[in-house]
Amino acid sequence: MPVPGGGFEQAYNAQAAVDADSMLVVATALTQATNDKQQVVPMLEQLQALPQDLGRVRRLLADTGYASEDNVNACAQAKVQPLIALGREAHHGSPFERFAEPAPLPRKPTPMAAMRHRLQTRRGRKLYALRKCTVEPVFGLIKHVMKFRQFLLRGLASARGEWSLVCLAWNLKRMNALGA
């Protein structure tokens, strides 16, 4: 994987789909791809393959690293509402900007136009904000509390198994905290 400042480092790109209500990891992936844009479709496939008893995925919250028209179209095709950031937003905008609603959408918008509009609405901004308190804490707690900072096994297949075990351990800790 390329590293800041130049050069490369032996590393993997860990992915996790996290339920916003319980903070349980519901799907995992580990790749050698440096770009997150390629990870949405495989993760959607995993989520669609989950048992119906677990419920249906209604919404996908993702940061700007996952933003692409293909990913938004894949979500629309899977009947999942995407909320994928399209770029960085300035902090501390004026109250008029923060509480303003965008102009109505035209009839029959493209999936990308509909998502862009949704992200500009107050409800869309509120829903997208859940990403910061859902996925980010899971990764942070796995790294800092569970002290999982590097893979101990070599090879992609072994590291995938290790990542699955780490996420399973997280889920067990989380279920204990939830009293489940």
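The following legends describe close-up views of a predicted model.

**View A. Packing of helix α4 against helix α5.** In this predicted model, helix α4 spans residues 111-120 and helix α5 spans residues 122-129. The two helices pack at an angle of about 85 degrees, and their axes lie 4 Å apart. Because angles of 65 to 115 degrees count as roughly perpendicular, α4 is described as roughly perpendicular to α5. On the α4 side, the contact is made by R118, L119 and Q120; on the α5 side, R122, G124, R125 and Y128 take part. By residue class, this contact divides into two nonpolar, two polar and three charged residues.

**View B. The buried side of helix α5.** The buried residues of α5 are G124, L127 and Y128. These residues cover an arc of only 100 degrees around the axis, which means that they lie on the same side of α5. An α-helix has 3.6 residues a turn, so residues three or four places apart point the same way. The cover over the buried residues of α5 includes strand β3 (59-62), strand β4 (81-84) and helix α4. Two of the buried residues, G124 and Y128, also belong to the contact of α5 with α4.

**View C. The buried residues of helix α4.** In α4, the buried residues are M112, A114, M115, H117, R118 and L119. Their cover includes helix α2 (69-77), strand β4 and helix α5. R118 and L119 appear both among these buried residues and among the residues of α4 that make the contact with α5.

**View D. Surroundings of R59 in strand β3.** R59 lies in strand β3, an element that helps to cover the buried residues of α5. With a relative accessibility of 29%, R59 counts as partly exposed. Neighbours within four places in sequence aside, R59 is in contact with V80, Q81, L83, R123 and L127. Among these partners, L127 is one of the buried residues of α5. The side chains of R59 and Q81 are joined by a polar contact of 2.8 Å. Between R59 and Y128, the C-alpha to C-alpha distance is 9.9 Å, at a separation of 69 residues in sequence.

**View E. R131 in the loop between α5 and α6.** R131 is placed in the loop that runs between helix α5 and helix α6 (135-144). Its relative accessible area is 12%, and R131 is therefore classed as buried. Apart from neighbours within four places in sequence, the residues in contact with R131 are L61, A62, D63 and E136. With E136, the contact includes a polar one of 2.7 Å between the two side chains.

**View F. Positive phi at M23.** M23 is found in the loop between strand β1 (13-18) and strand β2 (25-31). Phi of M23 is near 65 degrees, a positive value in a residue other than glycine. The relative accessible area of M23 is 15%, so this residue is buried.

**View G. Positive phi at K79.** K79 occupies a place in the loop between helix α2 and strand β4. Although K79 is not a glycine, its phi is positive, at about 60 degrees. K79 counts as exposed, with 62% relative accessibility. The elements on either side of this loop, α2 and β4, both contribute to the cover over the buried residues of α4.

Technical notes:
Residues numbered from 1 in each chain as written. Predicted model: local features only at pLDDT ≥ 70, side-chain atom pairs only at ≥ 80, totals over all residues. Heavy atoms only, no water. Axes fitted to C-alpha atoms, helices over the stretch in contact; angles between N-to-C directions. Parallel < 35°, antiparallel > 145°, perpendicular 65-115°, else oblique. Contact = heavy atoms within 4.5 Å. Nonpolar A, V, L, I, M, F, W, Y, C, P; charged D, E, K, R; others polar. Buried < 20%, exposed > 50% of the residue type's maximum accessible area, 1.4 Å probe, protein only. Arc of directions from axis to C-beta. Polar contact = N/O pair within 3.5 Å; in protein donor to acceptor, adjacent residues only side chain to side chain.
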